[in-house]
Amino acid sequence: MDARPAEGGAPRSAQQWIQESETFTTSAGHRIAYRRCGKGPTVVLLHGFPTWSYDYAAVAADLEADHQIVTLDFLGYGVSDKPDPYDYTVAESADMVEELVAHLSLGDVGVVVHDYGAIVGQELLDRRRRDALGFTVRGVTILNCAIVYSAYRPTTLQKLLIKPVLGRLVASRVTGPRARAGLDAVRGTAKLTDTEFANLWLGMSRGNGHKLTYRLIHYNAERDLHHARWEAALRAWDGPLHLVWGLADPVSGVHVLERARELLPHAKVTTLENAGHFPQSESPREVAAAVRGE
């Protein structure tokens, strides 16, 4: 983020990021915000819960020197539409990625995924396994995520948000300071600065999106049903695979990585001892280097 400039140049502020974004309308009629910048091989970056594409600002600023970087805000996040009531699903998020790739007439793409974005990435790889994916994946970089569901340790807030009735009440009481405390709790030594959080909060709170977290976190119920299929899709992926892992993450840290190494023995692994759940903002240089294959 803007307080930790990456080698390729200083990241934009969140307001600049939004100004540089465009929108397209999905087949379901929703406006999805996306941003495309830089020249070179295309890399699509998929963000996690409960933030938005600005998570990747520092990584994008680095990679744009020699890559075309494409980000999007999933439905319900950032600058994209935030319908309420609505049943948010992983399948629809994957559809959005496919539709955006088609909208931009992209060929093969590298994919970087984190947290919720990694679940979407697994769904895309499952479609590829079934010869049902509309584009070619050149390589996959995975940042902290419960790609081995049995090792996942959800936070107390996540457990509360998914509960019927109670989840909506909890979400209604989310404030900026509470959100910041929650994010810092899963980071490593690099806690959010005031400026960094203000930038994140601009997208998280836009259109009262932070009040929708009890709907957005439905992906955990989906993961409970589909994790075996999604893990099988990762095992079946035979292209370049790089795991970039913050070890200080209490949710999806070293305990998940240990299981992931067993599941994916062919994967290249980069460990970040002092980083937590958000390697892309805590250690952006290392993430950019991994995407470049360094």
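Tutor: A residue counts as buried when its relative accessible area is under 20%, and as exposed when that area is over 50%. The model before us is predicted, and this cut-off serves for reading several of its residues.

Student: Is Gly188 buried or exposed by that cut-off?

Tutor: Gly188 has a relative accessible area of 9%, so the residue is buried. Gly188 belongs to the loop between helix 7 and helix 8.

Student: Which residues does Gly188 touch, leaving out those up to four places away in sequence?

Tutor: Gly188 touches Ala248, Asn274, Ala275, Gly276 and Glu282. In the case of Ala248, 60 residues apart from Gly188 along the chain, the two C-alpha atoms are separated by 5.3 Å.

Student: Which residues of helix 8 are buried?

Tutor: In helix 8, residues 194–204, the buried ones are Glu196, Phe197, Asn199, Leu200, Trp201, Gly203 and Met204. These residues pack against helix 1 (14–19) and helix 7 (176–185).

Student: Let us turn to the sheet. In what order do the strands lie?

Tutor: The sheet is open and consists of eight strands in the order 1-2-4-3-5-6-7-8, with mixed pairing. Strand 1 (22–25) and strand 8 (268–272) are at the edges; each has a single partner strand, so one side of each lacks a neighbour in the sheet. From one strand to the next, the twist averages 20°.

Student: How many bridges join strand 1 and strand 2, and in which sense do they pair?

Tutor: Four bridges link strand 1 to strand 2 (residues 31–37), and the sense is antiparallel. Glu22 lies opposite Tyr34 of strand 2, while Thr25 has Arg31 as its bridge partner in that strand. The two strands form a hairpin with five residues between them, and Gly29 in the turn has a positive phi of about 90°.

Student: Which residues other than glycine have a positive phi?

Tutor: Asp131 is one of them, with phi near 55°. Asp131 sits in the loop between helix 4 and strand 6 (137–143), and its relative accessibility of 74% makes it exposed. Val165 is another example, with phi near 70°. Val165 sits in the loop between helix 5 (156–161) and helix 6 (166–172) and is exposed at a relative accessible area of 73%.

Student: How should one read the crossing of helix 3 and helix 4?

Tutor: An angle of 65 to 115 degrees counts as roughly perpendicular. Here the axes of helix 3 (residues 90–103) and helix 4 (residues 116–129) come within 9 Å and cross at roughly 75°, so helix 3 is roughly perpendicular to helix 4. By class, their contact has eight nonpolar, one polar and four charged residues. The residues that meet include Val90, Ala94 and Val97 in helix 3, and Ile119, Val120 and Leu124 in helix 4.

Student: Where are the cis peptide bonds to be found?

Tutor: One joins Phe49 and Pro50, with omega about 5°, and Pro50 is in the loop between strand 3 and helix 2. Another joins Asp84 and Pro85, also with omega about 5°, and Pro85 is in the loop between strand 4 (68–72) and helix 3.

Student: What surrounds Ser53?

Tutor: Ser53 is in the loop between strand 3 (42–46) and helix 2 (57–63) and is buried, at a relative accessible area of 4%. Apart from neighbours within four places in sequence, Ser53 is in contact with Trp17, His47, Thr71, Leu72 and Asp73. The side chains of Ser53 and Asp73 are joined by a polar contact of 2.6 Å.

How values were computed:
Residues numbered from 1 in each chain as written. Predicted model: local features only at pLDDT ≥ 70, side-chain atom pairs only at ≥ 80, totals over all residues. Heavy atoms only, no water. Pairing = 2+ DSSP bridges. Axes fitted to C-alpha atoms, helices over the stretch in contact; angles between N-to-C directions. Parallel < 35°, antiparallel > 145°, perpendicular 65-115°, else oblique. Contact = heavy atoms within 4.5 Å. Nonpolar A, V, L, I, M, F, W, Y, C, P; charged D, E, K, R; others polar. Buried < 20%, exposed > 50% of the residue type's maximum accessible area, 1.4 Å probe, protein only. Polar contact = N/O pair within 3.5 Å; in protein donor to acceptor, adjacent residues only side chain to side chain.
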